[in-house]
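Work through the exercises below with the coordinates open. Try each task before reading its solution.

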Amino acid sequence: MAQQRNVELNKKISSLESAAQILQVTKSNAAELNIVNCVTALQRIAKLDTQESLSEDILQHLTSRTAEWMSSDGGGGCQTRHISGVLWAFAKLRIAPVGAVRATIARGAGMQPGWFKPQEVSMAVWGVGKIVLASLPEREAEA
């Protein structure tokens, strides 16, 4: 029953056309979100060409839930595409929620390298690189 609800939530998230709509749906269903719902929402928001200001505070319910899933025993069904998707979305959104980033990297580090497809590796490395560069002082980033 819960799995069907998550499938319905994912379809709903995928069909929405604005970050505000996605955030409204995810916030009102935060306790029910699984890792797939979290990744779908983060990626969908990141893909939207939005002029909305999206701070870590606004996305906190999503990033916290993502961290919970990444940190859970067994990873809650977390797959390699979820690792790369989360890191890509964080980088694209220019946010670096420390708990979620650490949990995502730790979950990925526990996976066999051969499990990752080349595109997933590329997305994850790009995401981590952007997150790290954004956190450096301006002078260090230019060097």
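**Exercise 1: a loop residue**

A31 is exposed, with a relative accessible area of 72%. The model is predicted.

Task: Place A31 in the chain and give its C-alpha separation from R65.

Solution.
- Step 1. Locate the residue. A31 sits in the loop that links α2 (19-28) to α3 (35-47).
- Step 2. Check the exposure class. Exposed requires over 50%. At 72%, A31 therefore counts as exposed.
- Step 3. Take the distance. The C-alpha atoms of A31 and R65 are separated by 8.0 Å, with their positions 34 residues apart along the chain.

**Exercise 2: α3 against α4**

Task: Find the angle between α3 and α4, then classify their packing.

Solution.
- Step 1. Start with the geometry. The axes of α3 and α4 are 9 Å apart, and the angle is about 140°.
- Step 2. Apply the cut-off. Roughly antiparallel needs an angle over 145 degrees. The pair α3 and α4 is therefore oblique.
- Step 3. Add the handedness. α3 and α4 cross in a left-handed sense.
- Step 4. List the contact. From α3 come I35, C38, A41, L42 and I45; from α4 come L62, R65, T66, W69 and M70.
- Step 5. Sort by class. The contact of α3 with α4 holds 8 nonpolar, 1 polar and 1 charged residues.

**Exercise 3: α4 against α6**

Task: Are α4 and α6 roughly parallel or roughly antiparallel? Back the choice with the angle, then describe the contact.

Solution.
- Step 1. Read the angle. α4 (residues 60-71) and α6 (residues 98-109) cross at roughly 30°, and their axes come within 8 Å.
- Step 2. Classify. Under 35 degrees counts as roughly parallel, so α4 and α6 are roughly parallel to each other.
- Step 3. Note the handedness. The crossing of α4 and α6 is left-handed.
- Step 4. Name the partners. α4 supplies T63, A67, W69, M70 and S71, and α6 supplies G99, A100, A103, T104 and R107.
- Step 5. Sort them. The contact of α4 with α6 has 5 nonpolar, 4 polar and 1 charged residues.

**Exercise 4: α5 against α6**

Task: Repeat the analysis for α5 and α6.

Solution.
- Step 1. Geometry. The axes of α5 and α6 lie 10 Å apart, at an angle of about 150°.
- Step 2. Class. The angle makes α5 roughly antiparallel to α6.
- Step 3. Handedness. The crossing of α5 and α6 is left-handed.
- Step 4. Partners. I83, V86, L87 and F90 of α5 meet A100, V101, T104, I105, R107 and G108 of α6.
- Step 5. Classes. The contact of α5 with α6 counts 7 nonpolar, 2 polar and 1 charged residues.

**Exercise 5: two residues of α4**

Task: Compile the surroundings of T63 and S64.

Solution.
- Step 1. Both belong to α4: T63 and S64.
- Step 2. Assign accessibility. T63 has 6% relative accessibility and counts as buried. S64 has 26% and is partly exposed.
- Step 3. List contacts of T63. Beyond four places in sequence, T63 is in contact with F90, I95, P97 and A100.
- Step 4. Turn to S64. Its C-alpha is 6.6 Å from that of A100, which is 36 residues away in sequence.
- Step 5. Add the side chain. The side chains of S64 and Q60 share a polar contact of 2.4 Å.

**Exercise 6: two buried polar residues**

Task: Which residues do N6 and T26 touch, leaving aside those up to four places away in sequence?

Solution.
- Step 1. Place N6. N6 lies in α1 (residues 2-15) and is buried at 12% relative accessible area.
- Step 2. List its contacts. N6 touches E32, L33, N34 and N37.
- Step 3. Find the polar partner. The N6 side chain reaches the backbone oxygen of E32 at 2.8 Å.
- Step 4. Place T26. T26 lies in α2 and is buried at 0% relative accessible area.
- Step 5. List its contacts. T26 touches I13, L33, A41, H61 and L62.
- Step 6. Take one distance. T26 and I13 are 8.0 Å apart, C-alpha to C-alpha, and 13 residues apart in sequence.

**Exercise 7: a backbone angle**

Task: What is the sign of phi at R94, and where does R94 lie?

Solution.
- Step 1. Recall the background. Most residues other than glycine have a negative phi.
- Step 2. Read the value. Phi of R94 is positive, near 60°.
- Step 3. Locate it. R94 lies in the loop between α5 (80-93) and α6.
- Step 4. Check accessibility. R94 counts as exposed, at 76% relative accessibility.

Definitions and conventions: Residues are numbered from 1 along each chain as its sequence is written. This is a predicted model: local features need pLDDT of at least 70, side-chain atom pairs count only at pLDDT 80 or more; totals for chains, interfaces and linings use all residues. Side-chain values use heavy atoms; hydrogens and water are left out. Axes are lines fitted to C-alpha atoms, for helices over the stretch in contact, and angles run from 0 to 180 degrees between N-to-C directions. Helices (H or I, at least four residues) and strands (E, at least two) are DSSP runs, numbered from the N terminus. Angles under 35 degrees count as roughly parallel, over 145 as roughly antiparallel, 65 to 115 as roughly perpendicular and the rest as oblique. A crossing is left-handed if the near helix is turned anticlockwise from the far one by less than a right angle, and right-handed if clockwise. Contact means heavy atoms within 4.5 Å. Ala, Val, Leu, Ile, Met, Phe, Trp, Tyr, Cys and Pro count as nonpolar, Asp, Glu, Lys and Arg as charged, and the others, Gly among them, as polar. Buried means under 20% relative accessible area, exposed over 50%, partly exposed in between (1.4 Å probe, protein chains only). A polar contact is a pair of N or O atoms within 3.5 Å; within protein, one must be able to donate a hydrogen and the other to accept it, and residues adjacent in sequence count only if both atoms are side-chain atoms.
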